[in-house]
Amino acid sequence: MGRFRPLLFIFPLLFSAVFGEIDDDTENAQTFIVRVDNELRPSAFSDVQHWYKSTLRNLDSNLIKSSETEGIGKSREFLHIYRTVFHGFSAKLTPKLAQQLTKRPEVIAVIPDRLRQLHTTRSPRFLGLSYANPGGLLSESDSGANVIIGLLDTGIWPERRSFHDDNLGPIPSNWRGECVEGQNFTKAHCNKKIIGARYFSDGYEARRGRINSSEEVKSARDTNGHGTHTASTAAGRAVGNASLFGYAAGVSIGVAPKARIAVYKICWRNGCMDSDILAAFDKAAEDGVNVISISVGGSAVPYYLDPMAIGAFGAMEKGILVSASAGNEGPSKMTVTNVSPWMTTVGASTIDRRFPADLVLKDGRVITGASLYSGPPFPEKTYLPLIYAGNASVSWGGGRRAGSMSSATCFAGSLDETAVRGKIVVCDRGGNSRVAKGDVVRKAGGAGVVVANVEPIGEGLIADPHVIPGLAVSESAGKAIHDYISSNPNPRAKIAFRGTEVGVKPAPVVASFSARGPNIDSPYVLKPDLIAPGVNILAAWPAGVPPSDLADDTRRTEFNVASGTSMSCPHVSGVAALLKGAHPDWSPAMIRSAMMTTAYSRYRDGKPLLDEQSYNSTSVWDVGAGHVDPERAVNPGLVYDLTAADYLNFLCASNYTAEEIRFIARKRFRCGKKQLKPWDINYPAISVTFEAADTGDFEVVVPRTVMHVDGGAARYSATVTNPKGATVTVTPPVMKFRAKGEKMSYRVRIKAEKMALRPGTAVSEEGKLVWSDGRRQVVSPLLVMWTRWY
């Protein structure tokens, strides 16, 4: 009872407007939803409804009109009693009574009950997916009903409504997996939606010791949240009235809502072991999944040393598309991971929704950031002292103080309580989680937190459910705040939270954290392949996990908002499932090709997509082929296919040894006598390099083969946008197809200018190749690089 229990007060500005000039007139009564922590129910009450009635009765009777007092306790005074997925009640209350309720320790949130129109929680709608389009991808694929997505992650919380199986048909006949029982997970937890579940811990336990059952659950059950979130993003069913404490409210739905989910728990408290990951790949392929979604990664290593690349190769041979996250080490270049050419590598972008919050300086300046804070509203007219955490280091005795770096980033125990008590504390980003910084400030007695981006993060913002009033601000905003603090003898500020804003432009922009190319192992394979929504994504969340992931955060929620390429990956996994449902005969390479060649890299006004880090134009290293566009991908016109032998020939051309290739392919493969080039791989993007120190011709010929996949006869013409410093010609410039399924080849001749470079430097320029039949455009990025190694 003595622990801090933050009050979650939804839409503070809205609620303030609701209260307005607070009085106790019953004519002002309106309906509110009250969320209650049922764990605090006194033992004297056998039923929560009696407890709720008593709570209302015990409020200051002066706040309650006699007519209200008489009504409390009657069943008609409660609109609903929520006992299962939501604990609490809804009732008609005066604003003053509602405000009084917020002071009760057992009350987690008091939410104004508002009339809403149906709309999704944004990312599927942002992708253009809609049941209102009778000829669209959802209809053509039956929402992925016959497709199985294998989620390699932290498990799943099966009771969430996102995973119900109402109105789903029989389990696909190709399914050969099972529902493996374990701690708090039985066969009954599987259904026609979650059709299988396994967990893999042997490698982890060999490294870390036996799993502590009091801290982790040794089963497919998710005690982290990541796996539940990604599963519902890819394939969650529609759930109405979804939100995170009122933020991002709407109908939560996955990209492929009828696709079946097979769970493979590979990650535990301290990470995911390669041996367990590989075992999961093995089982998933054996079980019969169609798509593997894995939002896990590490540093890029040669393919033959990467168990994920090896496992993905085996999956590809079985006809399984592997969708993987690109990593969150952006915006620096050469940070992309999961780069093997047989994986689909996904970067992250924003959608047209944000959660604005303002830091209002006493001098009148307003600095807008982002936040999901939902506790007691910040005092509207009170400006509190503002301090930089680096100036509030705790003393360790003997004249020594905590390092300014640790205090600047608000590490645990680094702040001087006397210096920060009652103040808003500015913490630099980095070192620990953003929400942890707010918790450190709270424990030190601070009243609020500002988490400021530092170089090179730039202008990208991620909203967090802070445990105290707090917000994230950009790098430039952080510098402005630092200048204000250093130049003002009495710096003060207040914080205002503005809920959810939709229709934000420009959108999408590339997330600043999204890992960037080029592919360090092979620059001839464009990575990331494409980008998809990965910032502030609402999806299902486990019952036992706080939204902040802080141990002492007592809040619980059915949905949470999360960001990362971990969130963008399942979007593409869901799109891949829809495409597989619409085109069961398509190979993994054909599905990826359809997504890449129909992706967009410009806004409707023709301007390039922007980079959140600086709001400058993006390059192919940032977006790959562009932003996924599902409705265009279902009818791409032409696709580039690849077989296992094509990938092995690519390895030969990349100077992999026979033994190294065998590590990947599990069999001997003889490289042919024909001299292949690594850019010969039939990829939907073209990437070539020239060594600037060479004295020969700067000219290469790149072969490509396409398959006509839509309708009958067709005529496609080529148009080229030359990269700066290069001239590109295509032969033949026109391809005529007589029937669906026909293949044709063409050659791209790239002649580059010589370029003077310093040793150890590189330059790249990009263009594009477009094949068009007058209705469709099949677009391939065209990248030319000049390097000098010596």
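In this predicted model, the largest nonpolar core holds 58 residues, and the members that touch the most others are Phe281, Ile294 and Trp342. Helix α10 supplies the largest share of this core, with seven residues. Looking past its neighbours within four places in sequence, Phe281 is in contact with Leu152, Ile292, Ile294, Met308, Gly311, Ala312, Ala315 and Val322. There is also a second, separate core, made up of 46 residues, with Leu151, Ala259, Val572 and Ile591 among them.

Turning to the aromatic side chains, a search of the whole structure picks up 15 ring pairs. One of them joins Tyr303 and Trp342: the ring centres are 5.5 Å apart and the planes meet at 65°, over the 60 degrees needed, so the pair counts as edge-to-face. This pair ties together distant parts of the chain, 39 residues apart. Tyr303 sits in the loop between β12 (291-294) and α10 (307-317), while Trp342 belongs to the loop between β13 (321-325) and β14 (344-349). Both partners are tucked away from solvent by the 20% cut-off: Tyr303 is buried because its relative accessibility is just 1%, and Trp342 is buried because its relative accessible area is 3%. The two rings also belong to a wider cluster, in which ring pairs link Tyr303, Tyr304, Phe313, Trp342, Tyr647, Tyr656 and Phe663.

Charged groups turn up over aromatic rings as well. Arg221 places its charged end over the ring of Trp157, 4.4 Å from the ring centre. Lys362, for its part, lies over the face of Tyr383, with 5.4 Å to the centre of that ring.

Terms used: Residues are numbered from 1 along each chain as its sequence is written. This is a predicted model: local features need pLDDT of at least 70, side-chain atom pairs count only at pLDDT 80 or more; totals for chains, interfaces and linings use all residues. Side-chain values use heavy atoms; hydrogens and water are left out. Rings of Phe, Tyr and Trp (its six-membered ring) pair if their centres lie within 6.5 Å; planes under 30 degrees apart count as stacked, over 60 as edge-to-face and the rest as tilted. Helices (H or I, at least four residues) and strands (E, at least two) are DSSP runs, numbered from the N terminus. Buried means under 20% relative accessible area, exposed over 50%, partly exposed in between (1.4 Å probe, protein chains only). A charge sits over a ring if NZ of Lys or CZ of Arg is within 6 Å of the ring centre and within 35 degrees of the ring normal. A nonpolar core is a set of buried Ala, Val, Leu, Ile, Met, Phe, Trp, Tyr and Cys residues joined through side-chain atoms within 4.5 Å. Contact means heavy atoms within 4.5 Å.
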